[in-house]
Amino acid sequence: MLTSQGAPTWASFQSWQTLTTVPKFDLKASEPLSQHRIIVFRRLVRFYDNFLLLSALTGGLSIGALQFSEFHPAATSVDKVAEGLLTSSACSAVLAVMLAVMLNFRFEGQRSATRLDYGVAWTPLVLLDWSILAVLMGLLCWYWGRSRGWRAAVMVSTVGVVLCFGVWVAWWMWYHLRPGAGGDWEEWQLETKKRKRYGGGDDAV
């Protein structure tokens with residue numbers, strides 16, 4: 001709307017602002033988790049101590065492998081790739097330890113969680129998985145540079161089969177952790193008994 005002098009009014013400005021506003025993508029990060037996701041969330045937090053141990057072992061393995069004489073300095077392209085993967089593994093392991101300590105302090109004993117909490121809680125495990133994968137690929141590259149031929153082919157094929165099996169196990173776990181799969185039935189029964197014992201509600205768990 002314009003005034004008699006042709007100047008824009010406040011109503012026309014609001015209408016223009018509404019038309020030019022970029023719609024926001026709502027991730028619903030503050031939405032509370034369902035009972036199934038709460039059980040998975042608590043199970044994940046309980047394993048943070050194991051993540052600390054595994055991350056320390058993986059980081060130590062990567063740093064130990066970087067002491068090989070082939071990396072001082074790395075001469076070939078294969079050695080440079082191996083050096084980069086081992087360094088990435090060590091850094092990821094250190095970050096996984098740091099995040100696991102902080103998130104364990106944050107989430108330990110928490111009775112409820114949001115979707116944002118659920119997503120952040122998975123970061124130490126993701127970093128640990130990448131650290132393990134990177135140290136394996138780095139050692140394979142190092143071995144390939146030292147022993148090319150049928151020995152390297154046997155080693156690469158063997159580790160490849162194990163990695164494929166690990167991917168299948170990860171998919172199998174995801175399949176059985178999905179809602180309605182029944183994988184958390186006993187834990188759900190325990191949570192229900194606790195709520196009934198202490199008067200019901202999420203705060204009683």
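Me: Why are α2 and α3 called oblique to each other?

Reply: In this predicted model, α2 and α3 pack at an angle of about 45°. Angles under 35 degrees count as roughly parallel, and 65 to 115 as roughly perpendicular. The value of about 45° belongs to neither range, and therefore α2 and α3 are oblique. Their axes lie 4 Å apart.

Me: Which residues make the contact of α2 with α3, and how do they divide by class?

Reply: From α2 come Leu44, Val45 and Arg46, while α3 supplies Tyr48, Asp49 and Phe51. The division is four nonpolar, no polar and two charged.

Me: What makes α3 roughly antiparallel to α4?

Reply: The axes of α3 (residues 48-65) and α4 (residues 77-107) cross at roughly 160° and come within 8 Å. Since an angle over 145 degrees counts as roughly antiparallel, α3 is therefore described as roughly antiparallel to α4. This crossing is left-handed.

Me: Which residues of α3 and α4 meet, and to which classes do they belong?

Reply: Among those of α3 are Tyr48, Leu52, Ala56 and Gly59. Those of α4 include Leu86, Ala93, Val97 and Phe107. By class, the residues of this contact are 14 nonpolar, six polar and one charged.

Me: Where is Pro73 found, and to which residue does a cis peptide bond join Pro73?

Reply: Pro73 is in the loop between α3 and α4. The cis peptide bond joins Pro73 to His72, and its omega is about -10°.

Me: Why is α4 called roughly antiparallel to α6?

Reply: The axes of α4 and α6 cross at roughly 160°, coming within 7 Å. That angle is over 145 degrees, the cut-off for roughly antiparallel. Therefore α4 is classed as roughly antiparallel to α6. The crossing of α4 with α6 is left-handed. Its contact has 22 nonpolar, seven polar and two charged residues.

Me: In which helix is Cys141 found, and what does Cys141 touch?

Reply: Cys141 is in helix α6. Leaving aside residues up to four places away in sequence, Cys141 touches Val78, Val81, Ala82 and Leu85. Here, touching means having heavy atoms within 4.5 Å. Ala152 is eleven residues from Cys141 along the chain, and the C-alpha atoms of these two are separated by 9.3 Å.

Me: How much space lies in the largest pocket, and which residues lie nearest its centre?

Reply: The largest pocket holds about 1000 Å³ of space. Its lining has 25 residues, and those nearest the centre are Leu125, Asp129, Gly166, Ala170 and Met173.

Me: Which helices each supply at least two residues of the lining of the largest pocket, and which helix gives the most?

Reply: The helices are α2 (35-46), α6 (123-146) and α7 (150-177). With nine residues, α7 gives the most to this lining.

Me: How do the residues of the lining of the largest pocket divide by class, and what makes Gly count as polar or nonpolar?

Reply: The lining has 20 nonpolar residues, one polar and four charged. In this scheme Ala, Leu and Met count as nonpolar and Asp as charged, whereas Gly is among the polar residues. Accordingly, of the residues nearest the centre, Leu125, Ala170 and Met173 are nonpolar, Asp129 is charged and Gly166 is polar.

Notes. Residues numbered from 1 in each chain as written. Predicted model: local features only at pLDDT ≥ 70, side-chain atom pairs only at ≥ 80, totals over all residues. Heavy atoms only, no water. 1 Å grid on protein atoms, 1.4 Å probe; cavity = no way out; pocket = protein on both sides within 12 Å on 5 of 7 lines; lining within 4 Å. Points joined across faces, edges and corners; volume = space filled by probe spheres on them. Axes fitted to C-alpha atoms, helices over the stretch in contact; angles between N-to-C directions. Left-handed = near helix turned anticlockwise from the far one by under 90°.
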